[in-house]
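Student: I would like to go through this structure with you, beginning with how the chains meet. Could you take my questions one at a time?

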Amino acid sequence: MAAGPAKAEARALAERLVNQDRRAVARAISHVENRSPIGGELLDIIYARTGDAHRIGITGPPGSGKSTLVHALIGHLRGRGERVGVLAVDPTSPFSGGAILGDRIRMPQATGDDGLFVRSMASRGSLGGVAAATYEASEVLEAAGYAWLLIETVGVGQSELEVMEIADTTVLLLVPESGDSVQAMKAGVMEAADVFVVNKYDREGGDRLVQDIENTLQFTDWERHGGWKPPVLTAIAARDEGVSAVLGAVEDHLAWLTQDETRSHRIRAEKIERRVRVLLNRALSEHVWRERHIEERLTEAIGKIAERTLSPYRWVETILQESVQRRED
Amino acid sequence: MEEKIRILVAKPGLDGHDRGAKVIATAFRDAGFEVIYTGLHQTPEMIVDAAIQEDVDIISVSVLSGAHMTIFPRILDLLKEKGAGEMHVIGGGIIPNEDSAKLVDMGVGAIFGPGTPTGEPIDYIRDWWSRNRSQK
């Protein structure tokens, strides 16, 4: 599609978004997810309207109760009349490219409420715990007036931390059975979390897990992280126990983020810089892969590279040079 | 980015049998589709609102309760009412042949009876997708 019609369609879609037309919100998320020209134009149009929503990342190992906590948080926020958008990410099978997105099963209130929009996203090959377009989808939801965004990651292990780049506040859920995993997690995930929640606290080992987390946190230099020391809370999300305290801790963190203007500007600027670097890298990579006949040329090169008559370094350099010089209209 | 076929697998009614729905959801995933599975006891209103939020291409509904002549027309009406009439509805479950024919007349794409090999709906969906995706 040429740029003209895409821009006109994006403008029409943006208008419907702002008027909170649910069908338009859903179509817009598909556009950004599929990286369509309309999606690209739309993101540019709505950007000025974004930046004020509260983005809460909910992460944790598989089975830690992420969907259940999201369900409970929705209840509290909707009870206060807040408009809530949810992005729930599940893994794409690396074998078939398909996915079963089942988070709605644990969110029975996800239909029939105009103040709530729930979208399931497949990770589509991204390894960071969210999908490549989760950030963009959150901007769409924000432009449609959802002031609280809950972003639920796939079940994470040690290094799937991308959600912290999207979220203002990252909540890490752990369950007593995952006690040993605290040891394994202490490097990356433990530093990424702004709020710790020991969920399914009534199970055996709950108190020990709280102690383990506290012990690990003790050795972290919080000044290096701006001075926020993450609280360790306990909850039984399935019974709505401890959930209002989780929301309270999230709001404390949001208040802390904004109370010092210099610090909040710095944090925001750092996040934007990382975001722009990601976008630029992605755009560059996509540009290169649009090089004419790239797949055929790659297949041809593989033979020569295998026979050692061509080095992969020379080939990559050639493709890069050509693609830099190529103009696209 | 390659577009994916998105499909909602829904199980309306009060019976607690979702084995069939789970089998078909898994087969769709293995065919490379993105399957949104909503669980049991879905009303037509819930199914249509979920389908709209998820922006699916296809809604696959399995009805075992005998209420198919109420449920399918209601879903089709709601889709039209909400401006989502182009979403394609297919069905499965225990549905007599003469009812299947009536439902197809009303606008249901196809009905797959018990014992249908999972390859059949998958081929049907791929074929429908290749003929209709450009109109999105």
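Student: How many residue pairs are in polar contact across the interface of chain B and chain A?

Tutor: The rule finds 20 residue pairs in polar contact across that interface, both residues being at pLDDT 80 or more. A polar contact is a pair of N or O atoms within 3.5 Å; within protein, one must be able to donate a hydrogen and the other to accept it, and residues adjacent in sequence count only if both atoms are side-chain atoms. Please note that this is a predicted model, in which local features need pLDDT of at least 70, side-chain atom pairs count only at pLDDT 80 or more, and totals for chains, interfaces and linings use all residues. Residues are numbered from 1 along each chain as its sequence is written, chains are lettered from A in the order in which they are written, and side-chain values use heavy atoms, with hydrogens and water left out.

Student: Which elements of chain B give two or more residues to the side that touches chain A?

Tutor: They are helix 1, strand 2 and helix 2 (44-54) of chain B. Helix 2 of chain B supplies the largest share, six residues. Helices (H or I, at least four residues) and strands (E, at least two) are DSSP runs, numbered from the N terminus.

Student: And how many residues does each chain bring to the contact?

Tutor: Chain B brings 30 residues and chain A brings 28 residues, where contact means heavy atoms within 4.5 Å. The two chains bury about 2400 Å² between them, 49% of it on carbon and sulfur atoms. Buried area here is the accessible area (1.4 Å probe) that two parts lose on being put together, summed over both.

Student: How many salt bridges does the rule find across that interface?

Tutor: Eight. A salt bridge is a side-chain nitrogen of Lys or Arg within 4 Å of a carboxyl oxygen of Asp or Glu. B:Asp55 and A:Arg27 meet in a salt bridge at 2.4 Å, N to O. A:Arg23 pairs with B:Glu86, with the closest N and O atoms 2.1 Å apart. That pair crosses between chains, from helix 2 (residues 22-33) of chain A to the loop between helix 3 (68-81) and strand 4 (88-93) of chain B.

Student: Is A:Arg23 buried or exposed?

Tutor: A:Arg23 counts as buried, because its relative accessibility is 8%. Buried means under 20% relative accessible area, exposed over 50%, and partly exposed in between (1.4 Å probe, protein chains only).

Student: What about salt bridges inside chain B; which residue does B:Glu34 meet?

Tutor: B:Glu34 meets B:Arg6 at 3.0 Å, N to O. The pair links distant parts of the chain, strand 2 and strand 1 of chain B, 28 residues apart. B:Glu34 is buried at 0% relative accessible area, and B:Arg6 is buried at 3%. Both belong to a network of salt bridges that also links A:Glu33, A:Arg104, A:Arg119, A:Arg124 and B:Glu54. A further pair is B:Asp30 with B:Arg29, at 3.1 Å between the closest N and O atoms; B:Asp30 is partly exposed at 47%, as is B:Arg29 at 27%.

Student: Changing topic: which residues of helix 1 of chain B are buried?

Tutor: They are B:Ala21, B:Ile24, B:Ala25, B:Ala27 and B:Phe28. Seen down the axis, these buried residues fall within an arc of 165°, so they line one face of the helix; the arc is that of the directions from the helix axis to the C-beta atoms.

Student: What covers them?

Tutor: The cover includes strand 3 (99-101) of chain A, together with strand 1 (6-10), strand 2 (34-37), strand 3 (58-63) and helix 5 (119-132) of chain B. Helix 1 of chain B is followed by B:Gly32, whose phi is positive, near 95°.

Student: And helix 3 of chain B: what do its buried residues pack against?

Tutor: They pack against helix 2, strand 3, strand 4, helix 4 (97-106) and strand 5 (110-112) of chain B. Among the buried residues are B:His68, B:Ile71 and B:Phe72.

Student: Last one: where is A:Ser123?

Tutor: A:Ser123 is in the loop between strand 4 (116-122) and helix 5 (134-143) of chain A. At 6% relative accessibility, A:Ser123 counts as buried. Its side chain reaches the backbone nitrogen of A:Thr92 at 3.0 Å.
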